[in-house]
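I opened this entry to record what I looked up in the model, going from overall confidence to a helix pair and then to single loop residues.

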Amino acid sequence: MKKADASSSEPPQLKTLWESWLAELGWQPSEQQQQQLQQLYPLVMAGNRTQNLTRITDPIDFWEKHLWDSLRGLRLLGSWEAIQAQPWRGIDIGTGAGFPGIPAQIALPQTRFTLLDSTQRKIAFVQDTLQRLSLTQARAVAQRAEIWGQDPQERGSYDIALARALASAETCAEYCLPLLKVGGRAILYRGHWTEAEAQTLERALKILGGKLIHVEAFTTPRSRGVRHCLLLEKVAPTPPPYPRSPGIPKRQPLGQSNRP
């Protein structure tokens with residue numbers, strides 16, 4: 001695959017749109033960061049020809065629903081000036097084609113992200129993309145979140161965790177919380193959010209040693225889609241049985257009954 005040339009595959013109006021979206025985010029990328037973001041669309045589209053990476057192929061939709069949406073969630077961590085300087089260890093659980101992990105790695109160059117997914121072919125694509133974008137501080141790993149969360153070298157070692165379009169909030173919490181340090185934070189990317197979902201999540205978090213700190217609602221800048229981002233904090237060590245064995249967190253989500 002040759003180095004991507006974004007100028008040949010993106011509509012002229014995208015530059016103006018993207019500048020206004022960045023203003024809304026309050027982030028000014030460097031020239032290198034901007035170039036890395038621009039290369040993502042043609043790289044993903046090239047990968048999409050051989051495997052099912054994304055159904056979003058229109059360039060403006062791609063920038064809004066993958067890039068802008070990925071970056072929007074990071075605002076819950078603090079000001080851009082503060083979080084870009086943090087030498088954090090981060091993980092994107094269920095990264096798929098690399099979202100939100102690759103945009104997050106571009107935006108937070110001092111953070112060392114692990115991009116985790118159970119599908120080997122997707123991780124092969126992500127590894128190649130990280131190399132092409134010179135994101136040498138990141139790594140892509142093919143593994144189940146339940147197994148990764150029980151690995152002694154990984155458990156309790158991350159400052160931030162991201163989970164987008166992956167599973168129910170309580171299942172995402174069971175994936176994220178065991179991997180975080182006490183005081184670490186997780187961002188769960190959601191569509192709509194209800195009080196009933198919040199109550200279920202709260203019950204799960206009591207089991208996992210977490211707390212729901214903030215729920216932020218927003219709309220996407222062009223399509224006006226409704227989104228929510230949840231900010232969780234790990235306030236106590238997660239009990240050793242969690243995460244449970246592969247498949248159980250999805251089949252039997254925590255918080256949906258009085259029994260774990």
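The pLDDT is the predictor's confidence in each residue, on a scale from 0 to 100. As this is a predicted model, I checked that score before anything else: the mean pLDDT of the protein chain is 93, and 95% of its residues reach 70 or more. I noted residues 1-8 separately, since the pLDDT there is below 50, although this stretch has 13 contacts in the model beyond near neighbours in sequence.

Helix pair. I then looked up how helix α2 (residues 31-48) lies against helix α3 (residues 59-74), and found that their axes come within 11 Å and cross at roughly 115 degrees, with α2 passing α3 in a right-handed crossing. From α2 the contact draws on Q34, L37, Q38, L40, Y41, V44 and M45, which meet P59, F62, W63 and L67 of α3. Sorted by class, I have nine nonpolar residues, two polar ones and no charged residue in this contact.

The loop between β6 and β7. I turned next to S223, which sits in the loop between β6 (210-219) and β7 (226-234) and counts as partly exposed at 38% relative accessibility. Its C-alpha atom is separated by 8.3 Å from that of E64, although the two residues are 159 apart along the chain. Leaving aside neighbours within four places in sequence, I found S223 in contact with E64 and K65, while its side chain makes a polar contact with the side chain of T220 at 2.9 Å. R224 is in the loop between β6 and β7 as well; I noted its phi near 60 degrees, a positive value in a residue other than glycine, and its relative accessible area of 51%, which makes it exposed.

A second positive phi. For A165, in the loop between β4 (158-164) and α8 (169-176), I read a phi near 50 degrees, again positive in a residue other than glycine, and the residue is exposed with a relative accessible area of 75%.

A buried loop residue. Is T111 buried or exposed? T111 lies in the loop between α5 (101-107) and β2 (112-117), yet I find it buried, because its relative accessible area is 0%. Beyond its neighbours within four places, T111 is in contact with Q86, W88, R89, G90, Q105, Q137 and I160.

Cis peptides. I recorded a cis peptide bond between F99 and P100, with omega about 5 degrees, where P100 belongs to the loop between β1 (89-93) and α5. Another joins Y242 and P243, with omega about 0 degrees, and P243 lies in the loop between β7 and α10 (248-251).

Technical notes: Residues are numbered from 1 along each chain as its sequence is written. This is a predicted model: local features need pLDDT of at least 70, side-chain atom pairs count only at pLDDT 80 or more; totals for chains, interfaces and linings use all residues. Side-chain values use heavy atoms; hydrogens and water are left out. Axes are lines fitted to C-alpha atoms, for helices over the stretch in contact, and angles run from 0 to 180 degrees between N-to-C directions. Helices (H or I, at least four residues) and strands (E, at least two) are DSSP runs, numbered from the N terminus. A crossing is left-handed if the near helix is turned anticlockwise from the far one by less than a right angle, and right-handed if clockwise. Contact means heavy atoms within 4.5 Å. Ala, Val, Leu, Ile, Met, Phe, Trp, Tyr, Cys and Pro count as nonpolar, Asp, Glu, Lys and Arg as charged, and the others, Gly among them, as polar. Buried means under 20% relative accessible area, exposed over 50%, partly exposed in between (1.4 Å probe, protein chains only). A polar contact is a pair of N or O atoms within 3.5 Å; within protein, one must be able to donate a hydrogen and the other to accept it, and residues adjacent in sequence count only if both atoms are side-chain atoms.
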